[in-house]
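Reader: I have a model on my screen and would like to learn how to read it. Could you walk me through a few features, starting with the empty spaces inside?

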Amino acid sequence: MAPETQCAPVVLQPHPRLTAEQSSALIDVARALAVIRQDVLDARAFNPADTRRTFSVCLSDMGMIVLLPRLLAALAEHAPMATLRPIQVPAAELGAALQDGELDLAIGYLDRMGEHLHQQRLFTRSLVGIRRASASKRDKGGGAARMDAERFMNTRHVVAATLAMTNELLAKELRKRGTRLNVGVEVPYLLAVPSLVANSDFIAVIPNELADLFGKMAHVDAFDLPIALPDLTVRQFWHPRFHNDAAHRWFRKLVAEALR
């Protein structure tokens, strides 16, 4: 990465013939001009075509599976010598990692990240259910057997710890209905879910973008949920410290365009 260019600090003293308000306004204008000057210099210093910068992104297991290939393709096209480093950081440590520069971005269905972080909405995804494929062929004519609310709540679920937001939304809705999530098995790995569902009478609730993938991995079918759950919103988060960094701005734009 090209070295950052630093502007000389702006030091202004109030003019003796100006009022305090006028002096303050002049200082604000000078600072704004300094920021603009720094942005112009940064833009000249950063060129995605020849940068060798490593961009670090926090992604969940699902993000690694679904989003990472799209990010890698976009980076290869626009910044072929740059590197993308996907890592996982505990939620409680994300703010500090973003502030320290260990992470450039955190991307996902993240909640309660704190007001001090900048964020941008990328897309929303609805939730669907999956079940063993043979279980969906019981109606006449071989059509999909309908999953009603009572059956859905009574059937045991495969729960993946990495789908924490999905699990939280589902459990919250079931509590409103006077019941609780009927957990058959909880697993730490997302990719364990389709195989467990395909080889049992368990069902699972997942973001819809995983349904096609899981259908290719195991003998499972997707079904519409018989209870209403809100959509999940995927956002990217970053620290204000890097908001005006030219390379960071470019990378955020790349992410937004690649994932929308």
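Author: Happy to! Keep in mind that this is a predicted model. Let us begin with the walls of a space, sorted by residue type. In the second largest cavity, the lining consists of ten nonpolar residues and two polar ones, with no charged residue.

Reader: Which residues line the second largest cavity?

Author: The lining is made of H157, V158, V159, A160, L163, N167, L170, L181, V193, A204, V205 and I206. The space they surround comes to about 50 Å³. Searching the whole structure gives two cavities of 30 Å³ or more.

Reader: Which element gives the most to the lining of the second largest cavity?

Author: Strand β6 does, with four residues. At least two lining residues each come from β6 (157–160), α5 (164–176) and β8 (203–207).

Reader: Let me pick one of those wall residues. Is H157 buried or exposed?

Author: A residue counts as buried when its relative accessible area is under 20%. H157 has a value of 2%, so it is buried. This histidine belongs to strand β6. Leaving aside residues up to four places away in sequence, H157 touches F152, L170, L181, N182, V183, G184, V185, I203 and V205.

Reader: And how does a pocket differ from a cavity?

Author: A cavity is a space where the probe fits but cannot get out, whereas a pocket is open. The largest pocket here holds about 670 Å³. It has 30 lining residues, and S60, Y109, L110, T162 and A164 are the ones nearest its centre.

Reader: How do the residues of the lining of the largest pocket divide into nonpolar, polar and charged?

Author: There are 19 nonpolar, six polar and five charged residues. Helix α2 supplies the largest share of this lining, five residues. The elements that each supply at least two are α2 (61–78), β3 (105–108) and α5.

Reader: Next, aromatic rings. How many aromatic pairs does the structure hold?

Author: It holds three. To read a pair, look at the distance between the ring centres and then at the angle between the planes. For F55 and W250 the centres are 6.0 Å apart and the planes meet at 40°; since that angle is neither under 30 nor over 60 degrees, the pair is called tilted. F55 sits in strand β1 (residues 54–58) and W250 in helix α8 (residues 246–259), so this pair ties together parts 195 residues apart in sequence. Both F55 and W250 are buried.

Reader: What about the rings of F55 and F251?

Author: Their centres are 4.3 Å apart and their planes lie at 15°, so this pair is stacked. Because F55 is in strand β1 and F251 in helix α8, the pair ties together parts that are 196 residues apart in sequence. F55 has a relative accessible area of 0%, and F251, at 2%, also counts as buried. Together, F46, F55, W250 and F251 make one aromatic cluster.

Reader: What does the side chain of Q236 make a polar contact with?

Author: Its partner is the side chain of Q120, at 2.6 Å. The side chain of Q236 also has a polar atom 3.2 Å from the backbone oxygen of R252. Q236 lies in strand β10 (residues 232–238), and its relative accessible area of 0% makes it buried. Setting aside residues up to four places away in sequence, the residues that Q236 touches include L105, H118, Q120, R252 and V255.

Reader: How far apart are L59 and P86 in sequence and in space?

Author: Here it helps to compare two kinds of distance. L59 and P86 are 27 residues apart in sequence, while their C-alpha atoms are 6.4 Å apart in space. L59 is in the loop between β1 and α2, and with a relative accessible area of 2% it is buried. Beyond residues up to four places away in sequence, L59 touches M64, L67, L68, P86, I87, Q88 and I107.

Reader: Can we finish with the overall picture?

Author: Of course. The protein has eight helices and ten strands. Of its 260 residues, 43% are buried. Among contacts with a separation of 6 or more, 78% join residues 24 or more positions apart.

Notes:
Residues numbered from 1 in each chain as written. Predicted model: local features only at pLDDT ≥ 70, side-chain atom pairs only at ≥ 80, totals over all residues. Heavy atoms only, no water. 1 Å grid on protein atoms, 1.4 Å probe; cavity = no way out; pocket = protein on both sides within 12 Å on 5 of 7 lines; lining within 4 Å. Points joined across faces, edges and corners; volume = space filled by probe spheres on them. Nonpolar A, V, L, I, M, F, W, Y, C, P; charged D, E, K, R; others polar. Phe/Tyr/Trp six-rings, centres within 6.5 Å; stacked < 30°, edge-to-face > 60°. Buried < 20%, exposed > 50% of the residue type's maximum accessible area, 1.4 Å probe, protein only. Polar contact = N/O pair within 3.5 Å; in protein donor to acceptor, adjacent residues only side chain to side chain. Contact = heavy atoms within 4.5 Å.
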